[in-house]
Each structure stands twice: as structure tokens, then as C-alpha cells.
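I opened the notebook today to look at empty space and packing in one protein chain. Here is what I looked up, entry by entry.

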Amino acid sequence: MRAAPTLAKNFTVDAPAVTYTDEAIIAEYPYTQVKTSLGEGGVTVVRPTTTTFTFKTERKVPRFGVMLVGLGGNNGSTVVAGIIANREKITWRTNKGVQQPNYYGSVTQSSTLRLGSDDNGDDVYIPFSKILPMVHPNDLVIGGWDINSANLAEAMERAQVLEYDLQRQLVPYLKDIKPLPSIYFPDFIAANQSDRADNVLEGTKLQLLNKIREDIKEFKAKNELDSVIVLWTANTERFCDVAEGLNDTKESLMAAIARDEDEISPSTIFAIASILEGCPYINGSPQNTFVPGVIELATEMDVLIAGDDFKTGQTKMKSVMVDWLISAGIKPVSIVSYNHLGNNDGKNLSAPSQFRSKEISKSNVVDDMVASNRILYEDHEHPDHCVVIKYVPYVGDSKRAMDEYTSNIFLNGHNTIAMHNTCEDSLLAAPLIIDLIIIGELMTRIQCKTGNDPSTPFEKFHPVLSVLSYLLKAPLVPDGTPVVNALMKQRACMENIFRACVGLPPENNMLLEHKVRSLMTKH
């Protein structure tokens, strides 16, 4: 019987290509690609190529803050409450006994990476958060905006997410945290949200943009922060129109704001304000915040943006199921997804325009997996795919998701998989939000270049931060680059980039030392 895998607390890489200084980790990394071309007679010619990259990661973890748009919502109040519960080590009683706080559901805080194997051939792992220097969530400084004036103790009680005994102990920490007034354009969210809108800013769109910029500056200065990320966890908006002269370029977008155009959404104003202040912006809802003008502005200013829509329950499972089926040579022909929920997100999504935004983000999740297998699918062939969301107030934050996957199998037989998933919506979203913040901040400290010539300058990753795709339903990617939705490919991408930053090769899972007799050691 083999020994259990080891969990290392920390590590250093002992290799000529890796250098540790007080300021940075510098690693040379051979990046291998496989290029194909069409040769004579229609034969595909395959050529492996290797390019040397040098990665540089700043080691100093900054004093860091996040501003949440929708601070008083279910997600916002749960994030803040959860961090405080962990930081203060608050325990609480339920009918199951005494409960301890944790960060379960967070990739950075509760998952591991395989470093390698020891002399006995046993695996050695490390906490994900130790692969590179990362901010700890207990150290986050959090503020933000909300269209409702409730303090976070009241918001927590209204959300009905946390156990009463935990809520009771958190009230002293939350009662003095009040959201800043936010932007409210009734046309962009459901009419049923109007009764919550008692904490809203007034003015033209340009005035609102400048006010949000001032809020970010004041938050950063007041808390003596080195850097700030802004993250949207507010209501889903309807899609806004994208039109020439409105938002197709950064110039037209800024001019449209100056003209006070109706079709400029609140989330787009927040994104622009964040970018102009040099702060990364993450869109956790499905609307088209990142119109072409916003992407152009972020690219020009070299400020990171990421989206769209948190990937927590049903869609995450779908990206696993469909990837598994297609990679097994099974052909999904019908995917029907139904879910109902009773929190304020569900209430807002009961309006057709807001539901349409969500439907779009949920429906495209299988596209790259289908396109990867032209044995199963002809060009332009796609499974039937239906998404339904219903508002049922009684179930509150405990969302029910039901999926049916019907597939063609051997000799045109049929296989149907039906799945029921109870998703505690905010308890799944909160650790994901924390991961987006922590990894988003880390990516601001990573630079790379091709080759190892000291005279070649380092550059940051592209401002459209597709590395965060693992955490998002409808990943935003740089123009002309592939969208990857398969969950484990997304995880492998993120993990292997971080491994490259410390000079480690990607995990290939071949384990030849355990499969070739001359390499195997008897124990």
C-alpha cells in the first residue's frame, strides 16, 4: 500500500532557469506548440515548435482592495460576511453541531496543485495559493456601491443565506458598513427592482462617470491601498444596443456619454470609470458591458478586464458533462436546462429582457466542445439546447437546477441522463468572487517576454484576461482568439501558466516512471 500524498507548505524550484530575487521570481520556460499545415495530397503535416519565454512575477503582495457593485446584494453581503467569519474565526451552532468557517469552493484557498513526486514515487501537492505570491482573502479591504441603502447587517438578514447563529455574531462587524450610492437606470433592470432603489446617484452620465471615479480614488486613498479591483455583482442588465457612433469605438463611447445617450448602461459606466482609474474590472453578470469601445479603451490603457457571468452551478456542471460525453465519442443531441430560484437575482431575471441576457451566456457554453469533434457533428450542426429560468420566491437562495442530456450512442441507440442539482447560489458564488479578485490581482504582477535577451522588455498579459475563463460562464477573449468552455481545459490553462511562472513544466499525466518497467522502483 502506497503512502498518502504529501501536502507541502511551501517550495522553491532548484533549476538553472529559475531565479529568485527580493523583488521577483524570474523563470525561463520552453513553450511547445504543435503547428499544422496542409501538405501535398491533402496530408496534414504536423510540426512541433518550441519558443522560450521568460516570466517575471513580482513577489510583493500589495495592500489591496476591492469595490463591489452590488455590495448589498446576496453575493456582496455573503462575500463580506464570509471573509469576516474566517478572519475572526467565528464559530456557530446549527442542528449539526458547531460549525467552523472555511473557504470551501475557492480554487485559490481550498484546492491543490501537484508539484511532482518524492524519492518514493509518491505525489507531493501544494495549496493553490502557494504556487505564486497571492493576496489572502482575510486581508482584503472591501467597499462598494448599491442602489439600496441597507447596511450589510440588514442586507445579510434580508438575503437569508447564512445560519441565524452566524448572522447574530456578524451583526457588530457589518452594521456600520453601508454601500455608496449607485447608478440606477430603470430601463436596464427589471421594473420589480424599483422598490429597492433608495440609494441612487443623480446627474448626467458624464457626471455619474466622474462621481464613480472619485469614489474609487477616495476608497483607495482612505484605506491607503496600493491597488483596487472593481467587480460587478449587481443585477443582470438587459443587453444594450451596439451601434456605429454610439459605442463601437472609445471615442464614440465617450462622446455618447457626454451627450447623455440613453443606451449607455450602468455597468458600462462603472467599467469605464474603473479603467480610467487604472483598476481592473470584472463583470460577474451576463450583460454586454464590454461593448467594443470599452474593450478598445482597456486595451489602449493596458488595464485588465474580465467577464462575463459567474460560473457557479448548472453551467459549470454542463461544461464538465458535455466535455466528457463528446470526448467519449458520445453525441449529445438535446440539452434541456431548467432552474428556479427565489432570491433577488431570480426576481430580476423574471423580466424577459434580463432573462435573455442570462440565456445567451448559458447557451454558448458547449460550442467549442461540439466544434472539436467533426466525427460526431457536421459543420453548423449543434445539439438542441434550451434554457429555462423561473422565479419561485419560497426557495430563496437555494436554486434548483434540473438538466436532461439526451445523446446518440452505438448503432443510433439513445442515452438520457437526468440530473438534479440544488445550488446554494450565493454560497457557491462568494468563493468564486474571491478567486476572481485574487487571481485578477496576481495577473497584474505577472509579465513575460519571448527569449531571454535582457534588452527585450517584458509585457503584461493581454488586457482581456481570458485566464479567468474557468470562473466565468461566457468567457471574454481577445478578438480573433478561441473561446474555451471545457472546464478542465480552463483549469489546466490557469494552472500551467502559474507553473510556467516558476519554471515548472505543465502536468501531462503520463507518469511514465510508473508504467515503464526499467524506470519503476520496487518498494
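My entries below go through pockets, a cavity, a sheet and a pair of helices.

**Entry 1: the model.** I note at the start that this is a predicted model, and I read everything below with that in mind.

**Entry 2: the largest pocket.** I began with the empty space. Rolling a probe the size of a water molecule over the atoms shows where such space is left. I found about 1,100 Å³ in the largest pocket. Which residues come closest to its centre? They are Tyr31, Phe461, Val467, Cys493 and Ile497, out of 29 that line the largest pocket. I then looked up where the lining comes from: β3 (24-38), β4 (44-58), β20 (459-460) and α14 (487-500) each supply at least two residues. The largest share belongs to α14, with 6 residues. By class, I wrote down 19 nonpolar, 7 polar and 3 charged residues for this lining.

**Entry 3: the second largest pocket.** I went on to the second largest pocket, which has a volume of about 680 Å³. It is lined by 33 residues, and Thr78, Trp92, Asn102, Leu162 and Leu427 are the closest to its centre. Which elements each supply at least two residues of this lining? My list has α1 (74-87), β6 (92-94), α4 (164-174) and α13 (425-443). Helix α1 gives the most, with 7 residues. The lining of the second largest pocket divides into 19 nonpolar, 11 polar and 3 charged residues.

**Entry 4: cavities.** Next I looked for closed spaces. How many cavities of 30 Å³ or more are there? The count comes to 2. I followed up the second largest cavity, which holds about 30 Å³ of space. Its lining consists of Pro280, Tyr281, Ile282, Leu304, Ile305, Ala306, Gly440, Leu465 and Leu468. Strands β13 (281-283) and β14 (305-306) are the elements that give two or more residues to this lining. I sorted the lining by class and got 8 nonpolar, 1 polar and no charged residues.

**Entry 5: an open sheet.** I turned to an open sheet of 4 strands, in the order β16-β15-β17-β18 and with mixed pairing. Its edge strands are β16 (384-391) and β18 (414-424), each pairing on one side only. From one strand to the next, the twist averages 10°. I checked one pair in detail: β15 (residues 331-341) and β16 run parallel and are joined by 8 bridges. In this pair I found Tyr338 opposite Val388 of β16.

**Entry 6: helices on the sheet.** Which helix touches β15, β16, β17 and β18? It is α9 (residues 314-327), whose direction makes about 15° with that of β17 (398-408). I also looked up α13, which lies across β15, β17 and β18 and runs at about 80° to β18. I had met α13 before, in the lining of the second largest pocket.

**Entry 7: a helix pair.** Last, I looked at α6 (residues 250-258) against α7 (residues 266-276). Their axes are 12 Å apart and the packing angle is about 115°. The crossing of α6 past α7 is left-handed. On the α6 side, the contact uses Leu253, Met254 and Ile257, and on the α7 side Thr268, Ile272 and Leu276. I tallied these contact residues as 5 nonpolar, 1 polar and no charged.

Technical notes: Residues numbered from 1 in each chain as written. Predicted model: local features only at pLDDT ≥ 70, side-chain atom pairs only at ≥ 80, totals over all residues. Heavy atoms only, no water. Axes fitted to C-alpha atoms, helices over the stretch in contact; angles between N-to-C directions. Left-handed = near helix turned anticlockwise from the far one by under 90°. Contact = heavy atoms within 4.5 Å. Nonpolar A, V, L, I, M, F, W, Y, C, P; charged D, E, K, R; others polar. 1 Å grid on protein atoms, 1.4 Å probe; cavity = no way out; pocket = protein on both sides within 12 Å on 5 of 7 lines; lining within 4 Å. Points joined across faces, edges and corners; volume = space filled by probe spheres on them. Pairing = 2+ DSSP bridges.
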